[in-house]
Amino acid sequence: MNTPGTILRIPQITKRQWLRLLTHVFLIFGCFIMVFPLIWLVSSAFKPGNEIFQREFSLIGSRLTVQNFIDGWNINPTYYFGHFMMNTFLMVGSVVIGTIASSFVTAYAFARLQFKGRKPLFAFMLSTMMLPAQVTLIPKYLTFTAFGWINSYLPFIVPAFCATQSFHIYLLVQFVRGIPKELDSAAKIDGCDCFSIAFRIIAPLSKPAMFSVGIFTFMWTWDDYLNQLIYISSVDKFTVSLFLRSLMDITSSVAWGPLLACSLISLVPIIVMFFLAQPYFVQGIATSGLKG
Amino acid sequence: MKAFRAKSRTFEEEGWRAYALLLPWIVGVLLFTLWPMLQSLFLSFADYRIYGKASFVGLENFREMFFEDRMFKTSVFLTFKYVLMFVPVKLVAALLVAQVLNRNIKGISLYRTIYYLPSIVGSSVAMAVTWKMVLSREGFVNVVLGYLHLGPIDFLSSPSYALETLAMMGAWQFGSSMVIFLAGLKQVPQELYEAADVDGTKKMRQFFSITLPMISSTILFNLVMGLINAFQVFTQIAVITNGGPADSTYVYMLHLYRTAFVSHRMGYSSALAWVLTLIILATTGLVFLSSKRWVYYQE
């Protein structure tokens, strides 16, 4: 666009371009607010311990060092930090497998099979989705105490294998309903019963939804603190959350570095998971709506 | 007749198979939902310390709660304060960013990922540890404020800021609400905006007269989910301030946790759990009632 009277041909910025530029400035500023604690965490974990709290902030300290990681790994006199990571993986992994398997068979039955009481049971299942967790917190603790399951991972794993997360059942029901019924009919004609239809036809097709269920379960269980706090009491069974919390109690200012290094390591699995699962993830939230 | 009989038999057969597939769920519901709920209902009318015997005390727990337990009142007040700060900030931030992202902007998926990231890591203990240090007196935020010749502010160690800080920290995880808003904004028919443009309606006016009414059901959903989560806030506060300083962040779930697992008063804490549930039900119920006036459902 040329305006008359300009001698120098300064490229003119239109109002629309200004607006676009401003939008990006706003979004980038917002991004900074979103990630600065994480950037600080990464930056500090690699700094010499005495430089973490300094009057002048620098992204990279006087030198890059992995000393915090080495100290953090060995900070517990009996167990390496890896032990607590393995505990968490073991617990979370079992919960994920259990949740996927049990939620899938439940969802398949609700979405595809005809049986007496299907409608009221389904309505009941939906209503348990609204049930606030704190109501069952105490009696569940008493029940698991009676079972002798305290200080083990059974209070997490057994309910997972019993499809207690209605949200996941609902997500899978919605997905299975979207699979064409003709596939079932064709398989029936070929002599498949509903078990083989479920496991040989519907299950492979439901992989994307199972994947979302797995990711959500992984993240919620990995991040969870209250339940782990209640059920796990001995150090050898500690999960990462509990271990980090216990470090905070004993930490003098000297040990901030190792604590940050361990925190950083503990975030790596969920962040990696998140980026791997990006497409499924955003889709899953957008279609089902979700807690945050 | 013959065909009918054959059909009803396959129906029956599918019946037992269906129950077989549902078996884990049925066990789970009975053992981990219905039974605990019944037990919890009974316990809320009982005095039960974990190694003793439960004795029925009628409404005594509730009487104690409302007339004697000062920390109960404190925690209810602080929880409402937290909810009133957290929910509006979270929703406004989520809607604002979603609205900006909804115009075909370059790099939208990268932005969306970054804005979603806090929702992934935010509720972990690791992040709580990080926040605690970032916001400490010598922490990063105060260093930055120092460059601007402001502060230092005791974000977490002063009773007048701690709860506010924790509420903002919670609202920082607005990514999941934002993604839901984005989905809602995509549903608004473009013709409405085109018509408004033809009429020369200002963009601001379009936002209030078209966008907000058209996404009102999404707002309702995010509002209800936000409320439910906010009333149950626990991890961040338990790890960062543990109720302090001077009980200024002593929210309801902390009171419940301590009553149950520090004082071992299982009966009284079950009563606390039911009261919290009723508070949540009443609040979301009021929101749903009011929604008839402001939520617009498309035909």
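These are questions and answers on a predicted model of two chains, A and B.

Q: How many residues does chain B bring to the contact with chain A?
A: The contact draws on both chains, so to speak, with 90 residues coming from chain A. The share from chain B is 93 residues.

Q: What percentage of the area buried between chain B and chain A do carbon and sulfur atoms give?
A: Putting chain B and chain A together buries about 8,000 Å². On the chain B side, B:L21, B:W25 and B:F32 lose the most area, together 11% of what that side buries. Of the area buried between the two chains, carbon and sulfur atoms give 78%.

Q: Which side chains meet in a salt bridge between chain B and chain A?
A: There's one salt bridge to look for between these chains. Its N to O distance is 3.4 Å, inside the 4 Å cut-off. The partners are B:R17 and A:D193.

Q: Which helix gives the largest share of the side of chain B that touches chain A?
A: Chain B and chain A have ten residue pairs in polar contact, counting pairs with both residues at pLDDT 80 or more. By class, the chain B side has 64 nonpolar, 20 polar and nine charged residues. The largest share of that side, 26 residues, comes from residues 2-43 of chain B, which is helix α1.

Q: Is chain A more spread out or less spread out than a compact globule?
A: Chain A has 14 helices and zero strands. For its 292 residues the globule rule gives 19 Å, while the radius of gyration is 26 Å, well over that value, so chain A is more spread out.

Q: What does the C-alpha trace of chain B span along its principal axes?
A: Chain B has 14 helices and two strands. Its radius of gyration is 25 Å, where a compact globule of 299 residues would be near 19 Å. Along the principal axes, the C-alpha trace of chain B spans about 75 × 65 × 35 Å.

Q: Where in chain A is the pLDDT below 50?
A: The mean pLDDT of chain A is 85, and 90% of its residues reach 70 or more. The stretch below 50 still has 21 contacts in the model beyond near neighbours in sequence. That stretch is residues 288-292 of chain A.

Q: How many contacts beyond four places in sequence does the model have for residues 1-12 of chain B?
A: Chain B as a whole has a mean pLDDT of 88, with 95% of its residues at 70 or more. Over residues 1-12, though, pLDDT stays under 50. For this stretch of chain B, the number of contacts beyond four places in sequence is two.

Technical notes. Residues are numbered from 1 along each chain as its sequence is written. Chains are lettered from A and ligands numbered from 1 in the order in which they are written. Side-chain values use heavy atoms; hydrogens and water are left out. Contact means heavy atoms within 4.5 Å. Buried area is the accessible area (1.4 Å probe) that two parts lose on being put together, summed over both. A polar contact is a pair of N or O atoms within 3.5 Å; within protein, one must be able to donate a hydrogen and the other to accept it, and residues adjacent in sequence count only if both atoms are side-chain atoms. Helices (H or I, at least four residues) and strands (E, at least two) are DSSP runs, numbered from the N terminus. Ala, Val, Leu, Ile, Met, Phe, Trp, Tyr, Cys and Pro count as nonpolar, Asp, Glu, Lys and Arg as charged, and the others, Gly among them, as polar. pLDDT is the predictor's confidence in each residue, from 0 to 100. The radius of gyration is taken over C-alpha atoms; the globule rule is 2.2 Å times the number of residues to the power 0.38.
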